[in-house]
Amino acid sequence: MKIVLATRGSPLALWQAEAVRRLLRIAHPEAAVELKIIHSTGDRDGRLDLASLGRIGVFTAEIDRAVLEGEADAGVHSLKDMTTSFPVGLVLGGTLARGSAEDALVSRDGKTLADLPPRARVATGSARRVAMLKRARPDLEIAAIRGNVDTRLEKLELGEAEALVMACAGLERLGYSERIAEILGPPRFLPAVGQGIVGLTCRTDDDRVARVLSAITDRETWAEALAERALLHALHGGCNAPIGARARAVENAISIRACVLAADGAQSIEGDRSGPIGEAERIGRSLAEDLAARGAAKLVEAARLR
C-alpha cells in the first residue's frame, strides 16, 4: 500500500508530515508513505498581507488541489491555517493528538509581557494576537511580521522588535522551547481555532485513505477540532479573524470557551458551552449563535472591513 502526503516545505510543515508518516507506519507497517512537497502561494509571495491569508487559504489551497487532482492521497496542514469550508470533493479526514494550544511570548532578553518597557515593539502577523495584545497592554507598538519560525526568530535577534508572539506548538516541535519567555494562555489569551492541531485532508470518495487516516486520529482532538471549527464557521470568521477559542475534550465530555474582540482590543464578547463529546459541532455552533446575538457578528464584520 502506497500513501502520498502533500505538505509545505517549511521546517515545521515537514515536522508535521514526518509525524504523520511515523504514525502511519506504526498503524500500517505494510504501507509505503511518501512526502510530496508543495510550494504554496503564501510561501512564494512574502508581500501578501498575512491578515488576509486565512480568508483565501493561500497556505492550504495548493496542497488541497494536489489531493483533489490525485497527485497526493492526503494533505497535511496546521489546522489553524485551514479555511472552515472545503472545496467540493475534499473533507477533513483526521487529526493528530493536539500539541500545546497556547500562544508564547518570545523576547530578546527573556522579559514577560508585563515586564516589557512602555511602547515596546511586539511582532505578530495575527489580527487575533494584535487585539489580545492591545487589550492586555494598550501602550505596545505592534509590528507586522511574516516568515517561518526560524525567520521570525532571526528577525527578533536583528532588532526588528523587542518581542514576538508565536504558537507554543511550533516552537516546541522545532526544539525552541527554551526561547519561550512566557506562555500566554487563558483567561487573557485564547488561541486560534485549531492551534496546535495537525489536520489531514483527503478526497470525499476515497474510502481507503479515510480508513487509513482514521486509524491515527486522536478522538479527543478530533472533537475539539469539530467544535472550534463549527464556532468559527458559524461566526463567518476566517482563520485570522480576531476570534480566540479553546475546546477541551475529556473522555465523553467537551467544553469550549471563545472570545471575539474588536480589532483594537477595546471591546470583547466571551462565552462558553459544554456537553457530550458526540455533539461537539452542535455545541460550537450554539456558542457562536450566543456570541453573535450579543454583538460578536458586528465585531467580526468590522474587522473584516479594516
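Let's start with helix α6, which lies across β5 and β8 and runs at about 165° to β8. Axes here are lines fitted to C-alpha atoms, for helices over the stretch in contact, and angles run from 0 to 180 degrees between N-to-C directions. Contact means heavy atoms within 4.5 Å. Helices (H or I, at least four residues) and strands (E, at least two) are DSSP runs, numbered from the N terminus.

A word on the source. This is a predicted model, where local features need pLDDT of at least 70, side-chain atom pairs count only at pLDDT 80 or more, and totals for chains, interfaces and linings use all residues. Residues are numbered from 1 along each chain as its sequence is written, and side-chain values use heavy atoms, with hydrogens and water left out.

Now the sheet under α6. It is open, has five strands in the order β7-β6-β8-β5-β9, and its pairing is mixed. The edges are β7 (141-143) and β9 (182-184), each pairing on one side only. Two strands pair if DSSP finds at least two bridges between them. From one strand to the next, the twist averages 30°. Look at β5 (residues 103-107) and β8 (residues 163-167): they run antiparallel, joined by five bridges. Ala104 stands opposite Met166 in β8.

A second helix, α5 (residues 127-136), lies across β5, β6 (121-123), β7 and β8. Its angle to β8 is about 130°.

Back to α6, residues 149-157, and to Glu157. Is Glu157 buried or exposed? Partly exposed, at 46% relative accessible area. The cut-offs are under 20% for buried, over 50% for exposed, and partly exposed in between (1.4 Å probe, protein chains only). Leaving aside neighbours within four places in sequence, Glu157 contacts Arg108 and Arg179. Its C-alpha atom is 10.0 Å from that of Asp109, 48 residues apart along the chain.

Next, Thr201 in strand β10 (residues 198-203). Thr201 is buried, with a relative accessible area of 0%. Its side chain makes a polar contact with the side chain of Asp64, at 3.2 Å. Beyond four places in sequence, the contacts of Thr201 include Asp64, His77, Phe86 and Leu213.

Last stop, helix α11 (residues 296-304). Which of its residues are buried? Ala296, Leu299, Val300 and Ala303. They cover an arc of only 100° around the axis, so they sit on the same side of α11. These buried residues pack against β11 (243-250), β12 (253-261), β13 (268-276) and α10 (280-293).

Methods
Arc of directions from axis to C-beta. Polar contact = N/O pair within 3.5 Å; in protein donor to acceptor, adjacent residues only side chain to side chain.
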